[in-house]
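Subject: Structure handover

Hello,

Here is the structure you asked to take over. Please open it beside this email, since the notes below follow it part by part.

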There are 2 protein chains.
Amino acid sequence: MANEKMVKSITSMDEDFAKWYTDVVTKAELIDYSSVKGCMIIRPYGWAIWENIQRIMDGMFKETGHENVSMPMFIPESLLQREKDHVEGFAPEVAWVTHGGEEKLEERMCVRPTSETLFCDHYKNIIHSWRDLPKLYNQWCSVVRWEKTTRPFLRSREFHWQEGHTIHATAEEAKAETIQMLNVYAEFAEKYLAMPVIKGQKTEKERFAGAVNTYTIEAMMHDGKALQSGTSHFFGDGFAKAFGIQFTDKDNKLATPFQTSWGVSTRLIGAIIMTHGDDNGLVLPPAIAPVQAVIVPIASHKEGVLETANAMLGDIKKVCRAKLDDSDQTPGWKFAEYEMKGVPLRIEVGPRDIAEGNCVVVRRDNREKIVVPISELSTRIPELLAAVNEGLYQKALARRENMTFDAHNMEEMIDTAENKPGFIRAMWCGDRECEDALKEKAGVTSRCIPFEQETIDGKCVCCGKPAKHMLYWGKAY
Amino acid sequence: MANEKMVKSITSMDEDFAKWYTDVVTKAELIDYSSVKGCMIIRPYGWAIWENIQRIMDGMFKETGHENVSMPMFIPESLLQREKDHVEGFAPEVAWVTHGGEEKLEERMCVRPTSETLFCDHYKNIIHSWRDLPKLYNQWCSVVRWEKTTRPFLRSREFHWQEGHTIHATAEEAKAETIQMLNVYAEFAEKYLAMPVIKGQKTEKERFAGAVNTYTIEAMMHDGKALQSGTSHFFGDGFAKAFGIQFTDKDNKLATPFQTSWGVSTRLIGAIIMTHGDDNGLVLPPAIAPVQAVIVPIASHKEGVLETANAMLGDIKKVCRAKLDDSDQTPGWKFAEYEMKGVPLRIEVGPRDIAEGNCVVVRRDNREKIVVPISELSTRIPELLAAVNEGLYQKALARRENMTFDAHNMEEMIDTAENKPGFIRAMWCGDRECEDALKEKAGVTSRCIPFEQETIDGKCVCCGKPAKHMLYWGKAY
């Protein structure tokens, strides 16, 4: 029955990057389209990636003192309207529930697009004294935003995420929390997703609805576009005032607390695909790969091959998430299949290898073939997984560096934006008008004001007035 | 600042069981009511219980070969209507989304009350050959049913659950899966929740909408009422036919597959509360307790007490989920607080104990005080946790046995139902009329036809005709 399934082929990246992306998400069996327009089915292989992300990140949240809670999925319209900027930002893109069973609701409710209003409503009940602060909460859930155009993982009407919501006695504490969580995101992206990110602050135009400050981590995809990969917001006391949340401080006076929120979503899976993938399919960073090493037996009908492969599986299962594919497909079919699925290491073992006491390990990231004594496999696998991770990170970093350009005036800006995919570093005076003009004339948006500032010019790239900040600009997902 | 918070007091069970229940769920800080009618906020302590349930159960699902997926939360109306019995069962109690942003939807969608229709829609895309079967899927999510009256954990408009959905080449395989998962639920309830359950089949009247057979585990609460704690359904090929799912079998002929679904929900938390709780609050089975042992230092200002308590914490953290409460509340306040929260073991340590090298461990289930040498604590804790679990199970089992009665005729049935809270075992002819009459005259519903049958009479308790089965009857949540 070998080759009953055909080897899957995909569009090449250079030919059509968008098509390459959808080929990968479907052929690696990450998602299936559903009858629910704009919503996707996340299949076992895709969901297992998200579970790995959740497990690692949840551990990082708990280590920093956060607790998980669960809020309702609905928000009554009057609650959503409580904070002015917030409702303006979200009301146009929510899904409205108007009927329960056969009855029309007295007040319609939206499916949460984000849960600030629900958390505030709860805080008002449970916060009375300085002893009740801070509350460091998080929830893992899905939210709904009624997008017009959708793409798997990048923009869908329902998406999975975590949303952290914290409340503090002082603005300083809340600000420190906002930065701490941005750092957690950056550490997660770089260490576990092998994805370099730029940390910075959003301009006022790009801020979250209701936030005083929004911080972001921005990653560069294969095609040079930016992907905002995680955001952390400082709210000041705006929400607390709108919801009437107060507490008695240590001096027995009424005070208003300060809040934050922060989130990452299944967009991260899109980021992984577009950072590491290639023309053979997905390439997964080992930390979040559902299968880290797959054993493919060669000439498995020959005596001793399957026994040896099984013994190897038992051995390496102690050190990684491993799988043995002993199905009746050909080795060639299996090689293509696990390349498509981005399994970091493939282990080939056949009669000749066994006779020599060896097997061949093939790295997915650079196709390097390494002969490893079978007896040393379980000590070598963790080293090789670490090498794959480092290889992926360095390759992505080099690409970002090669695709980052400086612009000193509008001419350079427009030329670079048009001809060189990537990030553009340029100075900015801080005026919204210039930001709008850059969007209109060069088609770029401000990605962030990076924490690591560098003066590349004295003047704003747009108006020529004295510059306030160096910004990253680019096209974005 | 000791006693700034008052010791919490709750209604006694005997005085008002329903009030006792709501006192426990709020004062143990499991939930908070929200502005969204009929929906609840699950607070960190409550959610941590659910996370423990999820972790253990998810492991059991994966061991039996199941994979997690994620389906959309919406179901277009036409999709919900595809299977006749199913839509009749659920359509009257769903929440309808009619608008996305400012636009009216072309077709309204409900928020999933359960996801059979979504899984079928997906199976139709991905199942072609016998090689694609079985699919053993599960998802952890929340669902919405527009209930009129709600109670925390027991019945709420939104609730969290897992729903397993599987599809098989043969009816036999699907039936075996249905029973296997019921057994997983029973094992989980008895082993990890210390909650004895009766396994059996539902009558036709009590079946899930669209199922050929529904199996259930039924537990008895403190007040003698039954709580259906998990169900497993065999669908035959009804859904597959309604959705046009077919596959090519090994003989290259088109065939129709067979399906199952099975679920447990946050109702289990209600079951834990009403099985083990007492007038001092919650009593948690150790396996799912967020904190398994709490150390309460006595006279903690005295030299060496906090140091010893901290050393003990470091020691026992290796063997259980432990906490040290070194806040400035009084020991008495702390005792009451952790009894309310149902922490299985409390460890008291003061200057006199330390001088003797001992501490005092108090079991939450029976208040037994055990003097334990500090040096032996980390070996004794696991034993004591096991003893608490066994103690809880035996107490619940004895209560169920004491509160289970037999009825041979309607007079006995009505008298028992009126005067003796608990389960009633009685024979049944199998006719729906008798089942309806028992509901009307005695106020009881059939809980299940237990797998362990026993002939307690030859005649139906209602009509006197020859009996087919022995059933458990009772009042239920």
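Is B:Glu348 buried or exposed? The model is a predicted one, and in it B:Glu348 has a relative accessible area of 10%. B:Glu348 is therefore buried, because buried means under 20% relative accessible area.

This residue is a part of strand β17 of chain B, which covers residues 345–349. The side chain of B:Glu348 makes a polar contact of 2.9 Å with the side chain of B:Arg346. Apart from neighbours within four places in sequence, B:Glu348 is in contact with B:Val296, B:Ile298, B:Phe335, B:Asp353, B:Cys359, B:Val360, B:Val362 and B:Lys369.

One of those contacts, B:Lys369, leads to the next element. B:Lys369 lies on the uncovered face of strand β19 of chain B (residues 369–373), together with B:Val371 and B:Pro373. The covered face of β19(B) has B:Ile370 and B:Val372. Strand β18 of chain B (residues 358–363) pairs with β19(B) in the antiparallel sense, over five bridges. In this pairing, B:Asn358 has B:Pro373 in β19(B) as its bridge partner. The two strands, β18(B) and β19(B), form a hairpin, and five residues sit between them. In the turn, B:Arg367 has a positive phi of about 65°.

Next, a residue in chain A. Where is A:Lys341? A:Lys341 is in the loop that runs between α10 (331–340) and β17 (345–349) of chain A. The relative accessibility of A:Lys341 is 12%, so A:Lys341 counts as buried too, the limit being under 20%. Leaving out neighbours within four places in sequence, the contacts of A:Lys341 are A:Ala28, A:Glu29, A:Tyr45, A:Leu282 and A:Leu284.

Chain A also has an open sheet. Its 11 strands come in the order β3-β7-β8-β14-β11-β10-β9-β22-β23-β21-β20, with mixed pairing. At the edges are β3 (67–68) and β20 (404–406) of chain A, each of which pairs on one side only. Within the sheet order, β9 stands next to β22. Strand β9 of chain A (residues 198–201) and strand β22 of chain A (residues 445–450) pair in the antiparallel sense over two bridges. Opposite A:Gly200 is A:Pro450 in β22(A).

That leaves the interface between the chains. How many residues of chain A are in contact with chain B? There are 58 residues of chain A in contact with 58 residues of chain B. Between them, chain A and chain B bury about 4700 Å², and 55% of this is on carbon and sulfur atoms. A:Ser70, A:Met73 and A:Arg131 supply 13% of the area that chain A buries against chain B, more than any other three residues.

Polar links cross the interface as well. There are six salt bridges across the interface of chain A and chain B. A salt bridge of 3.1 Å, N to O, joins the side chains of B:Lys148 and A:Glu103. Residue pairs in polar contact across the interface number 27, both residues being at pLDDT 80 or more. On the side of chain A that touches chain B, strand β5 of chain A (residues 95–100) gives the most, with six residues. That side of chain A has 30 nonpolar, 14 polar and 14 charged residues.

Strand β5 of chain B (residues 95–100) pairs with β5(A) in the antiparallel sense over five bridges. In β5(B), B:Gly100 is the bridge partner of A:Ala95.

Regards

Definitions and conventions. Residues are numbered from 1 along each chain as its sequence is written. Chains are lettered from A and ligands numbered from 1 in the order in which they are written. This is a predicted model: local features need pLDDT of at least 70, side-chain atom pairs count only at pLDDT 80 or more; totals for chains, interfaces and linings use all residues. Side-chain values use heavy atoms; hydrogens and water are left out. Helices (H or I, at least four residues) and strands (E, at least two) are DSSP runs, numbered from the N terminus. Buried means under 20% relative accessible area, exposed over 50%, partly exposed in between (1.4 Å probe, protein chains only). A polar contact is a pair of N or O atoms within 3.5 Å; within protein, one must be able to donate a hydrogen and the other to accept it, and residues adjacent in sequence count only if both atoms are side-chain atoms. Contact means heavy atoms within 4.5 Å. Buried area is the accessible area (1.4 Å probe) that two parts lose on being put together, summed over both. A salt bridge is a side-chain nitrogen of Lys or Arg within 4 Å of a carboxyl oxygen of Asp or Glu. Ala, Val, Leu, Ile, Met, Phe, Trp, Tyr, Cys and Pro count as nonpolar, Asp, Glu, Lys and Arg as charged, and the others, Gly among them, as polar. Two strands pair if DSSP finds at least two bridges between them.
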